[in-house]
Amino acid sequence: MEKQQAQGNKTYAVQLVTIFLGFIVFGLSENIKGPAIPRIQFDFALSEAQLGTLLSLNALGYLIACSFTAFLARKWGVKAVSVLAFGTMALSGVFIYVSHSYPVFSASYFLMYIGNGILEIALAILSARIFVKNTGFMMNLTHGFYGLSSTVAPLIATGLMTVNIWGQTLDWRGMYFIMLALSIVPILFALWSKFPEDDISHEERVPIRTLLKDRALWFMVLILSFGVVSELAVGGWLVNFLEKAYHWDTVTASGMLSAFFLCFALARLLLGAITDKIGYNLSLIVFSGFSAICTFIAIAGGERTAFLFAASGIGIAMIYPTVMAFIAKRYAGGSDNAITIIVTLMGVGSVIGNYLIGGIMEIVKDRYGANTEIGLLRGLQAGYGFIGLCAAICTVFSFMLYRYLRSRKELI
C-alpha cells in the first residue's frame, strides 16, 4: 500500500512539473511578442491595421488547433498531444528564424499559434482530470506559472534582441528561435510522465448537443472571449502604445509590460483561494470589473496613471483559470467537450478582437490626422480603450451568468 502511494505521489509530482513547465513555455511564447512587434512592424513596413490582421490570423491558427485537439487527446492520449504541441512550437521557432519574407514569417507565426492552441487544450484537459480538490486554487496556481513566465518574457526578449553572437545581433528572429527552443525541456518530462487518460465511457459522457443547450455554457463563451481578448491584447499592444503615445524607450515600456504580468502572476498565485471561498461566479464579476476600471483610468489619466495598466493585470488574470475551474465542476462528465466548445468559440472572439483593435486605431488616427502626433495618440487611446471595453463587457456577462445561476440555485 505504501509503495503504491509513493508511486502515486511520484506520478502526481511529474504531472505537476509537466503542467508547470507547459504553462511557463506557453507564457514565454505568448508574451515575447510585446517588444518584438514594433521591430516586426518596421521590418515588414506594416500599418496598425495590417498588424492587427496579422495577430488575428495567428489567433485563427490558435482557433483551428483548439477545434481538433480534444479529438486527438481521446484518440492518441493527452501525452502524445502534449508532445505534439511542444514539438510544433519548437519547429515554428526554426521557421521564424529563417523567415526573411513576410509570407514565410506569417506562416511560421501561424504555426506557432497552432502549437499554442494544441497546448492550451491539452493543459486544460490534463488540469481538469488531475485537480479534483481545491479546483479554483490549483487552477490559479498552475496558471500562475503562465503569469510568472509572462512577467519575465518581455525583459528577456528585449535583452536577447540586443545580444551579439559571432558578430551578428540576434534581433527578434534569433530571440524567437532561442525562446521557442525551450519547448524541448517539457517534452522530456511529458515523455517521462504517465498522464491520466479518459476513463469516462461513451454512455457517461455529456453529449455535445446537451452542452450546447446549456445557457450557462454560452455565457461562459462570452465571458471568456471578451476576457481573453482583454488579457492577450495587452501583450501585443502595451509596449507599442507606450513607445508611440508617450515616447518611452523599449526597456521602460517592456518593464511596464513585465509589471503587468507580475501583477498577473501574483494574483493567480495568491488570490486563487478567494475564488474557492466567494464562489467562481462572483469572482468573475469582481475581477473583470476591477481590470476594466484600471484600464479606463490609465488611459484617461495619461502618462502619470500609466501604472494602472500594470494593476489591471490583477483582475484580468483571474478570468481564464476561474472559468476552467467552473467547467471542471459543472461539467465533470464532459469537461473535454465543454473545454473544446468554449475555448474554440473563444478563439473566434480573439480573432475578431485583435482585428478590431488594429482597425479602430487606424480609423481614429485617420480622423484626427494620420500623419499628426495627436492623430497617432488618439488612435492608440481608442484602440487600447477597446481592450478596457472588453473587460467591462466581460463584467456584464459575468453578472448575467450570476443572475441566471442564482435563479436556478446552481451557483458555483
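Does L401 count as buried or exposed, and at what relative accessibility? In this predicted model, L401 has a relative accessibility of 1% and, because buried residues are those under 20%, L401 counts as buried. The residue is found in helix α17, and beyond its neighbours up to four places away in sequence it touches A216, F219, M220, I223 and N281. A233, by contrast, is not among these partners; L401 and A233 are 168 residues apart in sequence, and their C-alpha atoms are separated by 24 Å in space.

The helix that carries L401 also packs against helix α13. The axes of α13, which comprises residues 280-301, and of α17, which comprises residues 373-407, come within 8 Å and cross at roughly 160°. Because an angle over 145 degrees is classed as roughly antiparallel, α13 is described as roughly antiparallel to α17, and the crossing of the two helices is left-handed. The residues that form this contact divide into 15 nonpolar and 10 polar, with no charged residue in the set. As for the length of α13, its 22 residues should span 32 Å at 1.5 Å a residue, and the end C-alpha atoms are indeed 32 Å apart, so that expectation and model agree. Just after α13, the chain continues with G302, which takes a positive phi of about 75°.

A second pairing involves helix α10, residues 215-245, and helix α15, residues 319-330, which pack at an angle of about 160° with their axes 9 Å apart. These two helices are therefore roughly antiparallel to each other, and α10 passes α15 in a left-handed crossing. On the α10 side the contact is made by A216, M220, I223, L224, G227, V228 and E231, which meet I319, Y320, V323, M324, F326 and R330 of α15. The residues of this contact divide into 10 nonpolar, 1 polar and 2 charged. A216, M220 and I223, which take part in the contact with α15, are also among the residues touched by L401.

The third pairing, between helix α2 (residues 33-43) and helix α7 (residues 171-181), has axes that come within 9 Å and cross at roughly 140°. The two helices are therefore oblique to each other, although here too the crossing is left-handed. In this contact K33, A36, R39, I40 and D43 of α2 meet D171, W172, R173, M175 and Y176 of α7, and the participating residues divide into 5 nonpolar and 5 charged, with no polar residue.

Backbone geometry was also examined at individual positions. Most residues other than glycine have a negative phi, and most peptide bonds are trans. D171, one of the α7 residues in the contact with α2, has a phi near 55°, a positive value in a residue other than glycine. D171 is placed within helix α7 and, at 27% relative accessibility, counts as partly exposed. H247 likewise is not a glycine yet has a positive phi, of about 60°. This residue lies in the loop between α10 and α11, the latter comprising residues 250-270, and with a relative accessibility of 57% H247 counts as exposed.

Terms used: Residues numbered from 1 in each chain as written. Predicted model: local features only at pLDDT ≥ 70, side-chain atom pairs only at ≥ 80, totals over all residues. Heavy atoms only, no water. Axes fitted to C-alpha atoms, helices over the stretch in contact; angles between N-to-C directions. Helix = DSSP H or I, 4+ residues; strand = E, 2+ residues; numbered from the N terminus. Parallel < 35°, antiparallel > 145°, perpendicular 65-115°, else oblique. Left-handed = near helix turned anticlockwise from the far one by under 90°. Nonpolar A, V, L, I, M, F, W, Y, C, P; charged D, E, K, R; others polar. Expected span 1.5 Å × (residues − 1). Buried < 20%, exposed > 50% of the residue type's maximum accessible area, 1.4 Å probe, protein only. Contact = heavy atoms within 4.5 Å.
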